[in-house]
Amino acid sequence: MTGLISARASPRHSLSVTQTIVANHSMQASQLGTKCTNPSFLSAKLCKTRPLVIAAMEVSKEAPSAGFANRQPSKGVLETWRSADAVCFDVDSTVCLDEGIDELADFCGAGKAVAEWTAKAMTGTVPFEKALAARLSLIKPSLSQVEDCLLKRPPRFSPGIADLIKKLKANNIDVFLVSGGFRQMIKPVASELGIPPENIIANQLLFGTSGEYAGFDPTEPTSRSGGKALAVQQIRQNHGYKTLVMIGDGATDLEARQPGGADLFICYTGVQMREAVVAKADWVVIEFQELIAELQ
């Protein structure tokens with residue numbers, strides 16, 4: 001079936017998972033993601049503890065990402081991918097199925113308003129720092145709420161991400177997580193995937209002496225527009241990488257491709273398909289298996 005399928009998970013109605021499907025390609029609900037099995041989380045299968053229920057399905061006659069020329073990588077793109085010294089991944093809607101800040105907001109009772117700001121941030125219609133501040137002012141999460149959210153709603157991995165990272169590491173390619181999300185929520189993801197904590201570039205939530213919300217660290221590069229580009233430039237400079245690739249789904253990920261930053265931007269549309277980002281990507285993939293298949 002050719003089309004764009006939007007599946008909303010229940011009971012968390014605010015969560016939206018968008019899957020682009022091309023001809024003769026289908027995915028079972030049980031394949032949509034795997035849950036963190038880190039000991040700090042409840043260890044159980046997604047189908048038992050967080051059932052994915054298709055509550056709504058919208059099918060268009062065209063699959064947007066399938067129609068772009070960059071669905072087929074050029075020779076130069078493949079050469080760059082295969083010669084990478086390091087790969088930087090976005091986390092929300094790329095490594096993981098969910099948008100972490102939306103999950104936290106929904107858990108704290110501010111889901112709908114925050115999701116609207118997230119959409120604006122990811123499409124680049126408002127400065128990221130403005131969207132981040134607005135969302136956090138709506139949530140104001142305490143330390144205990146963050147911890148409870150992680151316990152009750154463990155991050156869910158996108159299909160194939162663990163295999164891709166395993167393959168990259170086997171090829172001696174360094175892996176980084178560069179996210180506009182929160183370090184406190186990303187550390188367990190990194191641990192599960194075998195990524196060292198020093199390879200996480202993300203925002204830091206601040207808390208008072210009693211665990212109350214006290215803001216976020218504005219000095220983190222990913223707290224503002226253009227921050228991912230700066231973070232990737234710093235990674236490249238600090239490690240002396242010759243070739244670096246950025247993989248993500250949003251406008252802030254696309255920004256990382258610039259002189260001194262990422263040499264290649266790969267847009268992953270397995271969760272969200274943002275046409276403005278897809279149109280400017282060097283390579284568009286629907287499944288991480290496409291990337292694994294091109295590694296030697």
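# A guided tour from strand to core

Select Leu177 and then Ile200 in strand E7: the two residues are bridge partners. The model on display is a predicted one, in which local features need pLDDT of at least 70 and side-chain atom pairs count only at pLDDT 80 or more, while totals for chains, interfaces and linings use all residues. Residues are numbered from 1 along each chain as its sequence is written, and side-chain values use heavy atoms, with hydrogens and water left out.

**The whole protein**

Display the protein as a cartoon. There are 12 helices and 12 strands; these are DSSP runs numbered from the N terminus, with helices (H or I) of at least four residues and strands (E) of at least two. Of the 296 residues, 53% are buried. Here, buried means under 20% relative accessible area, exposed means over 50%, and partly exposed lies in between (1.4 Å probe, protein chains only). If a surface is displayed, about 12,900 Å² is exposed, and carbon and sulfur atoms supply 52% of that area (Shrake-Rupley method, 1.4 Å probe; for residues, only the protein chains shown count as cover). Among contacts (heavy atoms within 4.5 Å) between residues at least 6 apart in sequence, 65% join residues at least 24 apart.

**The sheet**

Colour the strands next. In what order do the strands of the open sheet lie? The order of its 6 strands is E7-E6-E4-E10-E11-E12, and their pairing is parallel. At the edges are strand E7 (200-203) and strand E12 (283-285), each of which pairs on one side only. From one strand to the next, the twist averages 20°. Return to the starting pair: strand E6 (residues 174-182) runs parallel to E7 and is joined to it by 3 bridges. Two strands count as paired if DSSP finds at least two bridges between them.

**Two helices across the sheet**

Select helix H2 (residues 75-82). This helix lies across strand E4 (86-89), strand E10 (244-248), strand E11 (264-268) and E12, and it runs at about 95° to E11. Such angles run from 0 to 180 degrees between N-to-C directions, with axes fitted to C-alpha atoms (for helices, over the stretch in contact). Then select helix H7 (residues 161-170), which lies across E4 and E6 and runs at about 155° to E4.

Return to H2 and show the side chains of Val77, Leu78 and Trp81, which are buried. Why do the buried residues of H2 line one face of the helix? Seen down the axis of H2, these residues fall within an arc of 95°, so they line one face (the arc is that of the directions from the helix axis to the C-beta atoms). An α-helix has 3.6 residues a turn, so residues three or four places apart point the same way. The buried residues of H2 pack against E4, H7, E10, E11, E12 and helix H12 (289-293).

**The cores**

Keep Trp81 selected and add Phe89 and Ile247. These residues have the most contacts inside the largest nonpolar core, which has 37 residues. A nonpolar core is a set of buried Ala, Val, Leu, Ile, Met, Phe, Trp, Tyr and Cys residues joined through side-chain atoms within 4.5 Å. Apart from the largest core lies another, of 22 residues, including Val178, Ala231, Met273 and Val278.

Beyond its neighbours within four places in sequence, Trp81 is in contact with residues including Leu164, Leu168, Ile247, Ile266 and Trp283.

Move to Phe89, in strand E4. Phe89 is buried, with a relative accessible area of 0%. Residues up to four places away in sequence aside, Phe89 touches, among others, Ile161, Leu164, Val175, Leu177 and Ile247. Phe89 and Val175 are 86 residues apart in sequence, and their C-alpha atoms are 7.6 Å apart in space.

**The loops**

Select the loop between E4 and helix H3 (100-107), where Thr94 is placed. Thr94 is buried, with a relative accessible area of 0%. Not counting residues up to four places away in sequence, Thr94 touches Ser158, Ile247, Gly248, Asp249, Tyr268 and Phe288.

Ser93 is found in the loop between E4 and H3 too, and at 1% relative accessibility this residue counts as buried. Most residues other than glycine have a negative phi. Ser93, however, has a positive phi near 65°.

Now select Arg274, in the loop between E11 and helix H11 (275-278). Is Arg274 buried or exposed? Arg274 is buried, with a relative accessible area of 13%. Its contacts, not counting residues up to four places away in sequence, are Ser93, Glu99, Met122, Asp249 and Gly250.

End the tour at Asn172, in the loop between H7 and E6. Asn172 has a positive phi of about 60° although it is not a glycine. This residue is exposed, with a relative accessible area of 68%.
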